[in-house]
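User: Please go through this model with me, taking a helix, the nonpolar core and some charged pairs in turn.

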Number of protein chains: 2
Amino acid sequence: MNSSTGRKPTKRIRIGKVIIGGGFPVAIQSMTNTKTADVEATVTQIIALQETGCEIVRVSVPDCESAAAFKEIKAQIDVPIVADIHFKADLAVAAIKAGADKIRINPGNIGGPEDIRKIVDAAGTAGIPIRIGVNSGSLSKQVRARPNSMAEKLADSALENISLLEESGFDNIVLSVKSSDVLETVKAYRVLSGKTDYPLHLGITESGTLESGTVKSAIGIGLLLAEGIGDTIRVSLTAEPVREIDVAKQILQALGIRRFHPEIISCPTCARCEVDLITIAARLERHLKGCNKLVKVAVMGCVVNGPGEASGADIGLAAGRGKGVIFRRGLAVKTIDETDFFSELIKMVDEFEVE
Amino acid sequence: MNSSTGRKPTKRIRIGKVIIGGGFPVAIQSMTNTKTADVEATVTQIIALQETGCEIVRVSVPDCESAAAFKEIKAQIDVPIVADIHFKADLAVAAIKAGADKIRINPGNIGGPEDIRKIVDAAGTAGIPIRIGVNSGSLSKQVRARPNSMAEKLADSALENISLLEESGFDNIVLSVKSSDVLETVKAYRVLSGKTDYPLHLGITESGTLESGTVKSAIGIGLLLAEGIGDTIRVSLTAEPVREIDVAKQILQALGIRRFHPEIISCPTCARCEVDLITIAARLERHLKGCNKLVKVAVMGCVVNGPGEASGADIGLAAGRGKGVIFRRGLAVKTIDETDFFSELIKMVDEFEVE
């Protein structure tokens with residue numbers, strides 16, 4: 001564990017222009033869900049992801065047509081792009097030739113040592129890393145048949161595949177061990193982190209819709225990150241891919257690992273609240289989503305915690321009946337009417353100079 | 001730590017008909033945001049909370065009018081009700097007389113030892129517990145001025161107030177130490193859990209809107225629960241109170257601590273997916289929200305993890321191009337058309353007999 005960052009030191013791995021591990025920021029990734037062969041739709045989605053803050057994009061390459069499209073896609077985007085490969089080693093080789101910045105293979109379904117050797121040779125020549133992406137839903141029959149726990153099966157499968165790659169002289173490796181069960185996933189990553197220094201890609205697989213997937217991912221990824229484990233994260237949601245980036249940013253920001261946008265502290269409101277705080281807070285959050293000024297804004301409904309939180313934030317509002325006190329850097333600066341709450345807070349954020 | 005449940009043993013405390021601590025289920029609570037003096041609005045909101053699964057409801061009592069209303073509210077509802085008191089000990093006494101099942105006081109603002117003694121006497125006579133609810137936004141001036149960390153300030157404030165209550169012979173106590181910072185909150189609860197066996201009420205205070213509040217609460221509450229800490233939880237969201245119950249249930253279910261509704265495993269979809277899985281999963285989640293049958297349903301978009309997850313669930317769908325294979329208890333039972341996915345899954349859930 002690095003004592004200043006609280007993060008486990010891992011090997012530095014380059015994915016295009018992004019470096020993960022070795023003290024570099026925990027990178028955010030997502031995956032397209034367009035048909036890869038539809039170059040226009042895929043490029044449009046990748047650009048939307050990129051603009052939301054996605055730093056690495058994964059694209060599935062299920063057939064030769066997709067591998068051909070991969071090259072065209074790569075030419076039109078700026079973000080590093082990872083080819084997701086299952087079943088066919090030849091598709092991995094084709095994707096590498098098409099310019100993939102990284103290859104993800106699934107040891108449960110990619111074939112035997114010869115298939116892996118083929119991919120390793122191509123990745124080695126291209127100088128790109130391989131992620132060994134183990135998944136509870138697609139373990140090989142042999143691994144599934146073992147009597148140990150799912151967490152051990154996942155970690156062992158990753159470790160055995162590391163050996164296969166290392167035997168071929170390849171050590172440009174990233175690892176993941178995902179399960180749809182949160183605690184199983186956490187256990188598997190803990191085991192893996194204790195046994196290897198390759199960087200870890202964290203995620204809870206098949207975690208469900210926006211609501212349940214957000215909770216499962218926040219707990220699982222959050223718990224591991226809080227222990228110093230994890231070098232890149234992917235929040236899997238059965239939802240529009242850009243939503244995954246929003247949640248990923250929230251997780252990293254909540255843990256103080258990275259900051260992306262203003263932090264809004266707002267109370268849940270209660271009988272003491274005399275203003276429509278829910279609407280103001282939601283409007284403020286939407287407005288500030290694209291703002292990368294790292295300020296902390298407190299929007300509080302009453303005198304219980306209002307002045308305390310408002311004065312502890314960079315900019316604060318402690319509301320009362322139809323009026324509110326505005327704080328800047330801990331000092332009350334003015335009293336304003338409820339109708340001006342939103343516009344005043346926005347103006348204060350605009351004018352605030354981060355030191 | 002109890003070796004069978006993995007939870008820290010705590011003192012058993014009764015809040016009306018609900019018991020927390022001592023191995024009882026982690027109870028879910030929320031708080032009304034209506035005017036307490038508006039009996040009709042408050043009762044309506046409490047009933048909505050109760051129907052969503054809220055097991056303890058807190059109601060703010062900021063004035064005498066609210067204390068009077070409290071009695072009328074109590075007469076119309078079934079769920080245990082907690083009076084939230086700040087600044088005035090007399091209001092706590094009035095709320096206890098009005099039938100409160102528990103009192104929450106904030107040591108940072110409730111006054112001196114005499115005020116606390118007054119509340120303790122009334123609670124002791126009524127036989128109801130007191131929650132010492134410490135909050136980073138409303139620590140007393142003396143506590144704030146100390147040179148230690150916020151986590152220590154929070155825990156110390158709770159511990160000092162335990163002593164005050166115990167000196168009066170009162171030990172019917174619940175504790176909380178909330179901060180709007182996730183890691184600070186986690187640290188404070190860890191310290192507190194190590195030093196006392198009173199049950200802990202977990203929450204991240206002022207955690208923000210539905211989106212950011214869900215992530216902060218899932219990480220903070222989830223991390224503590226995963227360590228065996230916590231006897232009752234409140235997810236604070238600047239949103240409609242019933243949303244807090246949904247998120248609380250998701251947190252407890254994700255950690256396998258309690259189960260409330262069917263578990264939906266669904267993939268994030270990618271280029272391999274040939275059906276509109278996002279819509280199907282969202283529709284299924286909405287439909288099954290009120291269903292308390294504890295089945296695991298996998299809704300998967302392709303052959304990579306589809307058959308694995310679908311056969312690992314109670315009921316599964318592994319979709320392909322326009323068709324999908326339905327699994328029950330690990331066995332493929334039929335192939336159906338995409339148009340029948342939703343109706344077939346619903347039917348399977350209805351017919352499934354949980355063993």
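The questions and answers below take up these topics in that order.

This is a predicted model, in which local features need pLDDT of at least 70 and side-chain atom pairs count only at pLDDT 80 or more, while totals for chains, interfaces and linings use all residues. Residues are numbered from 1 along each chain as its sequence is written, chains are lettered from A in the order in which they are written, and side-chain values use heavy atoms, with hydrogens and water left out.

User: Within what arc do the buried residues of α4(A) fall, seen down the helix axis?

Analyst: Helix α4 of chain A covers residues 113-126, helices being DSSP runs of H or I with at least four residues, and strands runs of E with at least two, numbered from the N terminus. A:Ile116, A:Ile119, A:Val120, A:Ala122 and A:Ala123 are buried, whereas A:Pro113, A:Glu114 and A:Thr125 on the other side are exposed (buried is under 20% relative accessible area, exposed over 50%, partly exposed in between, with a 1.4 Å probe and protein chains only). The buried residues line one face of the helix, because the directions from the helix axis to their C-beta atoms fall within an arc of 165°.

User: Which elements of chain A do the buried residues of α4(A) pack against?

Analyst: Packing is judged here by contact, meaning heavy atoms within 4.5 Å. By that criterion, the buried residues of α4(A) pack against α3 (89-97), β6 (102-105), β7 (130-135) and α6 (150-167).

User: Which residues of chain B does A:Ile251 touch, not counting residues up to four places away in sequence?

Analyst: A nonpolar core is a set of buried Ala, Val, Leu, Ile, Met, Phe, Trp, Tyr and Cys residues joined through side-chain atoms within 4.5 Å, and A:Ile251 is among the residues that touch the most other members of the largest one, which has 160 residues. Within chain A, its contacts include A:Ile221, A:Leu225 and A:Val235. From chain B, A:Ile251 touches B:Val215 and B:Ile219.

User: What does the salt bridge between B:Glu274 and A:Lys35 join?

Analyst: A salt bridge is a side-chain nitrogen of Lys or Arg within 4 Å of a carboxyl oxygen of Asp or Glu, and B:Glu274 and A:Lys35 meet in one at 3.8 Å, N to O. B:Glu274 lies in the loop between β11 (263-266) and α10 (277-288) of chain B and A:Lys35 in the loop between β3 (27-31) and α1 (39-52) of chain A, so the pair joins two chains.

User: How far apart in sequence are the parts tied together by A:Asp171 and A:Lys11?

Analyst: The closest N and O atoms of this salt bridge are 3.6 Å apart. Because A:Asp171 lies in the loop between α6 and β8 (173-178) and A:Lys11 in the segment before β1 (13-15), the parts tied together are apart in sequence by 160 residues.

Definitions and conventions. Expected span 1.5 Å × (residues − 1).
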